[in-house]
Amino acid sequence: MNKLSGCVALALSLAAVSCRSDKVQKYSWEDDLQYRIGVDFCRSAEEVKTYIQRYIPDVNEEEIRDWTESGKLEAMEIGGELRYFRNAAPNLFRVDGRCAEIKLIADGPELSPHYALGSRQISTLAGDVMAGGENIGLPVRMRVRYTLTVGPDAAPAGETLRCWLPFPRSDVPRQTGVKFIAAGWRIVDAGDAVRNEFRTEDRTCADLVFSGDGCAHSTLYMEAKAAAGCKTVFYEEFEYTASSEWYPVGISEPAVPASEEGLSALNAPENYLGEREKHIVFTPEILALRDSLSRGLTDKAAMARAFYEWIDASFPWASAREYSTIENIPMYVLDSGHGDCGQVSLLFITLCRSAGIPARFQSGFMMHPGSVNLHDWSEIWLDDFGWVPVDQSFGGESYFGGMDSYRMTVNCDYGRALVPQKKYPRSETVDFQRGEVEWKGGNLYFPHWDYDLQVEYQD
């Protein structure tokens, strides 16, 4: 086995201090937050410099200081020492123009085959729609095995591990045919021998709890007892079909406008207006930006497109801090000059809501062959079309009003309660994708466990 990286080793050390105790400690969010920040800000100045020297061998301390002071190298003082975000150095070569050019010359362009595949799909569907076809089409059937593996001794032996796994929604029009296959858990010792296991192919099994589509986060919950020195592997298997979706926003009007009649409370557009603590806040900066970008516009679709295009042109993608450590994500994007998929989506949503456009967070996974990963996007309500997908971080013409078939939608909002309710704050307090685990002594943060998603594409 390879030696642990400094960041992972530090994270596990912090995790051990934070969570490993047979006694249940009094919980403090402030202590938890500082621990989470410490996990994220684990790089030393020397580690950052060493990475930069791969591309800029003669980099000097003054340059590093300037990048740090400008925020292009994200850093924080912890315990009297300047610590850098774990991906601060790679991010520098995304957010600084000169550094990005140097890396481009050295490594060549970063190819995004998933973007090309998705754009082609949406373009094909757009042609079908303009010829009189349906707004949803080009279905792809996927079979998924998802596992969440809790490390040895993350909780004391005999204690109950409570685990929530992501499960595909059935109330998203472009996501259909959700079929549960099996779920369960295994206790695996240090020699990879299975000590105990449970498996069921019965969705109604009392040991499983599905949140159902009435909840903003679609989850499958189960429990297992921790065993000394053993890993606990939770898993689920399912199939579903995802399709592309496209609307001719600003191009043509439908023969029959959308209707809100019959929509559940979870899907009613009036529930996605106004502010929401703490990441949809109409700060003076947001309102001034809204007014600047929408000046002279009265049509909601045109305003939303103006927000979308400005964000797309203004904020390069960069690896993100954990959302739970950020006070206000849209303001973080504006202040830092960069953002990942969920961060720029929340900025877009906030601008839309401030302009009276219903907008909501949507997330799960991008499932493109060879590019499976966590992903966030959004939807806006336009009276002509209803809920319209917008993938802010994919950008470009295709993803305003369009979505490709390679998605798994798990969430239709952010930061809502899980089912059954979680006792401690989630590892990811905003999004829900990787899963969540806790025991009676506390939440198990990311260093304690890992996840894996395997996809088979059906003919």
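This report walks through a few helices, strands and single residues of a predicted model.

## A four-stranded sheet

Let's start with a sheet. It is an open one with 4 strands, and they come in the order β12-β11-β10-β14, with antiparallel pairing. At the edges you'll find β12 (386-390) and β14 (407-411), each of which pairs on one side only. Going from one strand to the next, the twist averages 40°. If you're wondering what holds strands side by side, strands of a sheet pair through backbone hydrogen bonds, either parallel or antiparallel.

Now zoom in on one pair. Strand β10 (residues 359-366) meets β14 in the antiparallel sense, over 4 bridges. To spot the match-up yourself, look for glycine 364, which stands opposite threonine 409 in β14.

## The helix lying across the sheet

Which strands does α11 lie across? They are β10, β11 (373-382) and β12, and the helix runs at about 10° to β11.

Helix α11 covers residues 341-354, and valine 344 is part of it. Is valine 344 buried or exposed? Its relative accessible area is 4%, and the cut-off for buried is under 20%, so valine 344 counts as buried. Setting aside neighbours within four places in sequence, valine 344 is in contact with Ile311, Phe315, Val333, Gly339, Gln392 and Ser393. For a feel of how the chain folds back, take valine 344 and serine 378: they are 34 residues apart in sequence, and their C-alpha atoms are 9.9 Å apart in space.

## Helix α8 and its partners

Next up is helix α8 (residues 284-294), whose buried residues are Ile286, Leu289, Arg290, Leu293 and Ser294. These residues sit on the same side of α8, because they cover an arc of only 110° around the axis. And what do the buried residues of α8 pack against? The answer is α9 (300-314), α10 (329-336) and α11. After α8 comes glycine 296, which has a positive phi, near 85°.

Have a look at how α8 meets α10. Two packed helices are described by the angle between their axes and the distance between the axes. Here the angle is about 70° and the axes are 10 Å apart. An angle from 65 to 115 degrees counts as roughly perpendicular, so that is the label for α8 and α10. On the α8 side the contact is made by Glu285, Ile286 and Leu289, while α10 brings in Pro330, Met331 and Leu334.

## A hairpin

Elsewhere, strand β5 (residues 175-188) and strand β6 (residues 194-200) pair in the antiparallel sense over 6 bridges. One bridge to look for links isoleucine 187 with asparagine 196 in β6.

The two strands form a hairpin with 5 residues between them, and aspartate 192 in this hairpin takes a positive phi near 65°.

## A buried glutamate in a loop

Last stop: glutamate 322, in the loop between α9 and α10. With a relative accessibility of 10%, glutamate 322 counts as buried.

What does its side chain make a polar contact with? The partner is the side chain of arginine 434, at 3.1 Å. Leaving out neighbours within four places in sequence, the residues in contact with glutamate 322 are Asp40, Arg86, Glu428, Arg434, Tyr445 and Phe446.

Terms used. Residues are numbered from 1 along each chain as its sequence is written. This is a predicted model: local features need pLDDT of at least 70, side-chain atom pairs count only at pLDDT 80 or more; totals for chains, interfaces and linings use all residues. Side-chain values use heavy atoms; hydrogens and water are left out. Buried means under 20% relative accessible area, exposed over 50%, partly exposed in between (1.4 Å probe, protein chains only). Contact means heavy atoms within 4.5 Å. Two strands pair if DSSP finds at least two bridges between them. Axes are lines fitted to C-alpha atoms, for helices over the stretch in contact, and angles run from 0 to 180 degrees between N-to-C directions. The arc is that of the directions from the helix axis to the C-beta atoms. A polar contact is a pair of N or O atoms within 3.5 Å; within protein, one must be able to donate a hydrogen and the other to accept it, and residues adjacent in sequence count only if both atoms are side-chain atoms. Angles under 35 degrees count as roughly parallel, over 145 as roughly antiparallel, 65 to 115 as roughly perpendicular and the rest as oblique.
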